[in-house]
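Here is a short note for a colleague who is opening this structure for the first time. Please keep the sequence and the model side by side while reading.

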Amino acid sequence: MGSKATTIEQQIEKLSGRGMIFENEAEINKAKEILLDIGYYRLGFYWNPFEIDKDHNFAAGTKFSDVVSLYYLDVDLKNILNKALNRIEINLRTQLIYYVSNAYPDNPTWFANKRVMYPNFVDEFPNYYNERFKRNNKPLKKHHANYPNDMYAPAWKTLEFLTFGTIEKIYFSLKDENLKKQIANLYGIKKVNVFQNFLKTVIFVRNICAHSGILFDSNTPKEIVTTPLIKFNNNNRHSIDSSIKVILYFLEIISKNRKNSIENEIVSLFESHSDNPVIQKIIIENIGYNKN
């Protein structure tokens, strides 16, 4: 859009000039609604795959309706995955609290103890557990009102309000490698580094879904570890489809019924676009999905 604001009419004129097809007057009116709803800038992430040059011209036959279909495919996929990711996050949080707290029963704030955790994490923890954090989480606020001399609330209270990313940091900051292996083994994973790789993959997708990011064209920063535990659809270990396989793996350990339900929703979503070759191409090439 450049540095100058434009009206909806100007935005549609610009898209038309670059080769986007609006099939009739009714679609133009609908496009006005959509651009005011979603926004020109955000929708632009979904017409990027259709651009063919540095001047942002579109490939011949590019339809506005296909761009909108891609947008809603991405939204629907994120909504489906969010249900799985929430289940995984809660389960891991619960396991971490339970097993580490019982390994150190006389130390309810083990997460801030340098005998249990690596010093870097302990030194950084006040950045997470500050006055605003306590004030915004009522159980913690109540705990400190009742126990004003406590620097921190016990793990089973504190960890419930930390982000998934911080939970990951707590796990990997544990000094006891056997304890880390014990937690990884709960998910059928023998090696801590494999568990770490899978967990980072889950958190990568979770952050995109939680913050309304662009999912369909995303790739994990680190390659997903090849393992007999998961049968991948393609050789791209950075693809969203490979990430979905990791998410489904965790979910199957937690609940096979939930895993089957989520997997069926994803397959149904992709199949609902089977009559649109443009979207099917993106599902296969960008997401990496292959039904076979």
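1. Start with the charged surface. Four residues, Arg-132, Arg-135, Lys-138 and Lys-141, gather there in a patch of positive charge. Two helices each supply at least two residues of this patch: α6 (131-136) and α7 (138-146). Please bear in mind that the model is predicted.

2. Take Arg-135 from that patch. Arg-135 lies in helix α6. Is Arg-135 buried or exposed? Its relative accessible area is 51%, so Arg-135 counts as exposed. The cut-off for exposed is over 50%.

3. Now the overall fold. The protein has 14 helices and zero strands. Read along the sequence, the pattern is therefore α-α-α-α-α-α-α-α-α-α-α-α-α-α. Along the principal axes, the C-alpha trace spans about 70 × 45 × 35 Å.

4. Next, burial and surface. The protein has 292 residues, and 47% of them are buried. About 15,500 Å² is exposed. Carbon and sulfur atoms supply 49% of that area.

5. How are contacts spread along the sequence? Consider contacts between residues at least 6 apart in sequence. Of these, 63% join residues at least 24 apart.

6. Charges deserve a point of their own. The protein carries 38 positive and 32 negative charges. The mean positions of the two sets are 9 Å apart. The count of salt bridges comes to 16. The next points take up some of them.

7. Look at helix α4 (residues 64-103). Both Lys-78 and Asp-74 lie in this helix, four residues apart, about one turn of the helix. Their side chains meet in a salt bridge, at 3.6 Å from N to O. Lys-78 is buried, and Asp-74 is buried as well.

8. Compare a pair from separate helices. Glu-168 forms a salt bridge with Lys-200, and the closest N and O atoms are 2.8 Å apart. This pair links distant parts of the chain, with the two positions 32 residues apart in numbering. Glu-168 sits in helix α9 (residues 164-172), and Lys-200 in helix α11 (residues 192-210). Glu-168 has a relative accessible area of 9%, so Glu-168 counts as buried. Lys-200 is partly exposed, because its relative accessible area is 35%.

9. Helix α10 (residues 177-185) holds another pair. Lys-180 and Glu-177 both lie in this helix, three residues apart, about one turn of the helix. A salt bridge joins their side chains, at 2.9 Å from N to O. Which of these partners is buried? Lys-180 counts as buried, because its relative accessibility is 4%. Glu-177 is partly exposed, with a relative accessible area of 36%. Elsewhere, salt bridges that share partners join Glu-89, Arg-93 and Arg-206 into one network.

10. Return to helix α11 for Thr-201. Thr-201 is buried, because its relative accessible area is 4%. The cut-off for buried is under 20%. Which residues does Thr-201 touch, leaving aside its neighbours within four places in sequence? Thr-201 is in contact with Thr-220, Ile-224, Ser-243 and Val-246.

11. Helix α14 (residues 277-287) contains Ile-287. With a relative accessible area of 1%, Ile-287 is buried. Leave aside the neighbours within four places in sequence. The contacts of Ile-287 then include Leu-73, Leu-77, Phe-216 and Ser-239. Ile-240, Asp-241, Phe-270 and Ile-282 are also in contact with Ile-287. How far is Ile-287 from Pro-277 in space? The two are ten residues apart in sequence and 15 Å apart, C-alpha to C-alpha.

12. Finish with Asn-29. Asn-29 is found in helix α2 (residues 25-37). Asn-29 counts as partly exposed, because its relative accessibility is 37%. Asn-29 and Glu-124 are 95 residues apart in sequence. In space, the two are 53 Å apart, C-alpha to C-alpha.

Technical notes. Residues numbered from 1 in each chain as written. Predicted model: local features only at pLDDT ≥ 70, side-chain atom pairs only at ≥ 80, totals over all residues. Heavy atoms only, no water. Buried < 20%, exposed > 50% of the residue type's maximum accessible area, 1.4 Å probe, protein only. Contact = heavy atoms within 4.5 Å. Areas by Shrake-Rupley, 256 points an atom, 1.4 Å probe, with all protein chains shown as cover. Lys, Arg positive; Asp, Glu negative; His and termini not counted. Charge placed at Lys NZ, Arg CZ, Asp CG, Glu CD. Patch = residues over 30% accessible without salt bridge, like charges linked within 9 Å, V, L, I, M, F, W, Y side chains within 5 Å.
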